Amino acid sequence: MNVHLLYEDRDFDAGIYDERKLTEHQKELINDLGLQSIIELMSGEDEVIREVVRANLLKAGTREPGELFDMVQAVRYRQEIMSDVLANRELIRDIYQMTIEVERKRKESRAVFPSVYLTSTYSSAMQLIAIYLDELAKMRKMAGKHLNTFHSKGLTTLIKDLSEEVSDEYIGKVKEMFKDLKDTETIYISADFGVDLTGVNYAMCKGAPKLSFVQKLQTYSFTIAENDETSMHDLERRRDRAINEVTNALACATDNLQGFFKRLRLELAFYVGNLNLTDALRQTGLNSGIPELSEGHSRAWSNLADLTLVAEAIQKKKDGGAAMTIIGNTGVALKGDKLLYVITGANQGGKTAFLRSLGQAQLMENCGMLTAGGFTAPIKTGVFTHFRKEEDRSMTSGKLDEELVRMDGIIREIKPGDMLLMNESFQSTNEREGSEICHQVTKALIDNDIEVMIVTHLYSYAISFRELEDEKEKVKYLRAERTGEGVRTFRMVEGEPLATVFGGDIYKKIFEKE
């Protein structure tokens, strides 16, 4: 049976992103967007969920432009299933728990695969098939009761396949066959004589042969002495030749059933991870949502939150620390040809957290996950980051050199239809030089249909697009909100860049008492 809960026409391979083979781009995504926090929120202690979530997030950040249609199709397919999962969350968790239980029973059964002894493989296969069939029957009955509550193609197909292929009649026939195969102590074998009177065409018989009274009188038998090892080994070889075909069939059936449960656990892990995310968000008073795919460059977000802060708030709560309030951001529908979002405003106003939340949501939309809040955006074939780094302690290069080298690497990989998130880039030099570099880089990117979101304190850069008639329509200005009393609301609002970042507010807050 196929699982196909992540792709309509194929299985998902979580092993494509080896920890030791990550590209610099993938490492930057993990660090800059805090992906490890998302992975931990969704997985908890479950290694399978951790593996699946991590692989999906990394795959969502790098695609070829030609894969865009496949991405959109896969995301819509997953979102349909996600709606069913959210409506039947306890059932999905129960089925997922069954796949864990199957694996536990498999390990406890001490089945030996492969084994040098054919009889060991034979009995192990029998043992495992019995476990798998029992669990399949339970799963079919459990899911079958809720069949009418499913509307997605993926889940309805899976449940129907279970009902049709693992019916009570089928299980009854298999168990009936097992009665004849169960006893490995007494095995009935048939064989023919070869040209030199050696045994050929060994086969295992279904139960004891039915012989007439005359045939029984004509039957010969012999008994092997206890210390006759040569004859015992010869008999074992003949027995193995007879059960070889049956053992291969049993082993093949075992592999298929084991593979089904493994794939089912792997692909269900994706959805259980999303359920875990909704539970985590509720702990901080936030909601999750299924993103809406838009066309062109239309964007909107509501109560969008940075998941690294959510993880921090939950951990503080566990440690008995003070409660953290997570502020979600809401943006009006931004339609048209906006390709550049310039985010400015007061220091410590939440600009980086907002930028990170946009990148996280984009990646999560790209792989069909839920997002922290409402999110509407087009699918992006690739997501890249260029965040400010710490000073190079080895002093092998200056900070500006290091930024330029990283940007060069991004430019070599990034393609039309991709997205770049920049956080305080090129501010390691003076205002004039940093603004000029930043302007040239971002202008080249948006001219090539690459969406750019940048947090910057470079005022000259921020206003540079207002004077370009052919470019200013592509730019949207957002600003960290600050009240007249200097209070940061940690919300981003539409607003032109200001010549100050209100550093004096922070100075007064710290030193006014002194």
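Modeller: The expected span of a helix is 1.5 Å times one less than its number of residues, and helices (H or I, at least four residues) are DSSP runs numbered from the N terminus. This is a predicted model, in which local features need pLDDT of at least 70, side-chain atom pairs count only at pLDDT 80 or more, and totals for chains, interfaces and linings use all residues. Residues are numbered from 1 along each chain as its sequence is written, and side-chain values use heavy atoms, without hydrogens and water.

Biologist: How do you know that the span of helix H13 agrees with the expected one?

Modeller: Helix H13 (residues 399-413) has 15 residues and should therefore span 21 Å; its end C-alpha atoms lie 22 Å apart, which agrees.

Biologist: What makes the buried residues of H13 line one face of the helix?

Modeller: Seen down the axis, they fall within an arc of 130°, the arc being that of the directions from the helix axis to the C-beta atoms. Leu400, Glu403, Arg406, Met407 and Ile410 are the buried residues of H13, whereas Val405 and Arg412, on the other side, are exposed.

Biologist: Why is phenylalanine 270 called buried?

Modeller: Buried means under 20% relative accessible area, exposed over 50% and partly exposed in between (1.4 Å probe, protein chains only). Phenylalanine 270 has 0%, so it is buried.

Biologist: What makes the pair of phenylalanine 260 and phenylalanine 261 edge-to-face?

Modeller: Rings of Phe, Tyr and Trp (its six-membered ring) pair if their centres lie within 6.5 Å; planes under 30 degrees apart count as stacked, over 60 as edge-to-face and the rest as tilted. Here the centres are 5.5 Å apart and the planes at 75°.

Note on methods. Helix = DSSP H or I, 4+ residues; strand = E, 2+ residues; numbered from the N terminus.
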